[in-house]
Amino acid sequence: QVQLVESGGGSVQAGGSLRLSCAASGRTFSSYAMGWFRQAPGKERELVAAITRSGSSTYYADSVKGRFTISRDNAKSTVYLQMNTLKPEDTAVYYCAADGHPRVTTPDYWGQGTQVTVSS
């Protein structure tokens, strides 16, 4: 079992920044590829960013490329999502997820989510 706890969400004006953190406990953190998903009201959950087990490779959705950065610290069992130049369309609940495959495909574990609200 892996427990994931997100933090760092909140409300910010357009153009602002937030940094999300996801602390993991349980099984070896470095065994999991990690991803950040988001779900806006009335929309499906989408993968925003992902990072491989070692952190050597990352993925970003086109909508966030150049604005968001995913990183991980395996020594601290934590994954981060730095979000810059936020837009109102980034408003959503953001979820951290852990996947036992080399890349994020179908996550095995999910966090409880943290709300991000961007006002214009």
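**One disulfide, two cores and their strands**

The count of disulfides in this predicted model comes to one. The bond joins Cys-22 to Cys-96, with 2.1 Å from S to S. A disulfide is a covalent bond between the sulfur atoms of two cysteines. Cys-22 belongs to strand E3 and Cys-96 to strand E9, so the link ties together parts of the chain that are 74 residues apart in sequence. About the S-S bond the angle is -75°, and the link is left-handed. Are the two cysteines buried or exposed? Both Cys-22 and Cys-96 are buried.

The next topic is the packing of nonpolar residues. In soluble globular proteins, nonpolar side chains tend to be buried together. Here the largest nonpolar core has 31 residues. The members that touch the most other members are Leu-4, Met-34, Trp-36, Val-79, Leu-81, Met-83 and Tyr-94. Two or more residues of this core come from each of the strands E1 (2-7), E3 (18-26), E4 (33-39), E5 (46-51), E7 (68-73), E8 (78-83), E9 (92-99) and E11 (114-119). Another core, of six residues, lies apart from it, and includes Ala-33, Ala-50, Ala-97 and Val-104.

Leu-4 can serve as a point of entry to the larger core. Which residues does Leu-4 touch, leaving out those up to four places away in sequence? Among them are both cysteines of the disulfide, Cys-22 and Cys-96. Leu-4 also touches Ala-23, Ala-24, Met-34, Ala-97 and Ala-98. Its other contacts are with Tyr-109, Trp-110, Gly-111 and Gln-112.

Met-34 leads on to strand E4, which spans residues 33-39. Strand E4 is mostly covered, with six of its seven residues buried. How many bridges pair E4 with E9? There are seven, and the pairing is antiparallel. Within this pairing, Met-34 has Ala-98 of E9 as its bridge partner. Ala-98 is also one of the residues that Leu-4 touches.

Strand E4 pairs with E5 as well, again in the antiparallel sense, over five bridges. Phe-37 has Leu-47 of E5 as its bridge partner. The two strands E4 and E5 form a hairpin, with six residues between them. In that turn, Gly-42 has a positive phi of about 75°.

Elsewhere, four strands make an open sheet in the order E1-E3-E8-E7, with antiparallel pairing. Why do E1 and E7 each have one side without a neighbour in the sheet? These two strands stand at the edges and have a single partner strand each, so one side of each is left free of a neighbour in the sheet. From one strand to the next the twist averages 15°. Strands E7 and E8 are antiparallel and joined by six bridges. In one of the bridged pairs, Asp-73 is matched with Thr-78 of E8.

The last stop is Gly-113, in the loop between strand E10 (109-110) and strand E11. Why does Gly-113 count as buried? Its relative accessible area is 17%, and buried means under 20%, so Gly-113 falls within the cut-off. Leaving aside neighbours within four places in sequence, Gly-113 is in contact with Glu-6, Val-93, Tyr-94 and Tyr-95. Of these contacts, Tyr-94 is also listed among the core members that touch the most others. The C-alpha atoms of Gly-113 and Gly-35 are separated by 12 Å, and these two residues are 78 residues apart along the chain.

Notes. Residues are numbered from 1 along each chain as its sequence is written. This is a predicted model: local features need pLDDT of at least 70, side-chain atom pairs count only at pLDDT 80 or more; totals for chains, interfaces and linings use all residues. Side-chain values use heavy atoms; hydrogens and water are left out. A nonpolar core is a set of buried Ala, Val, Leu, Ile, Met, Phe, Trp, Tyr and Cys residues joined through side-chain atoms within 4.5 Å. Buried means under 20% relative accessible area, exposed over 50%, partly exposed in between (1.4 Å probe, protein chains only). Contact means heavy atoms within 4.5 Å. Two strands pair if DSSP finds at least two bridges between them. Axes are lines fitted to C-alpha atoms, for helices over the stretch in contact, and angles run from 0 to 180 degrees between N-to-C directions. A disulfide is a pair of cysteine sulfur atoms within 2.5 Å.
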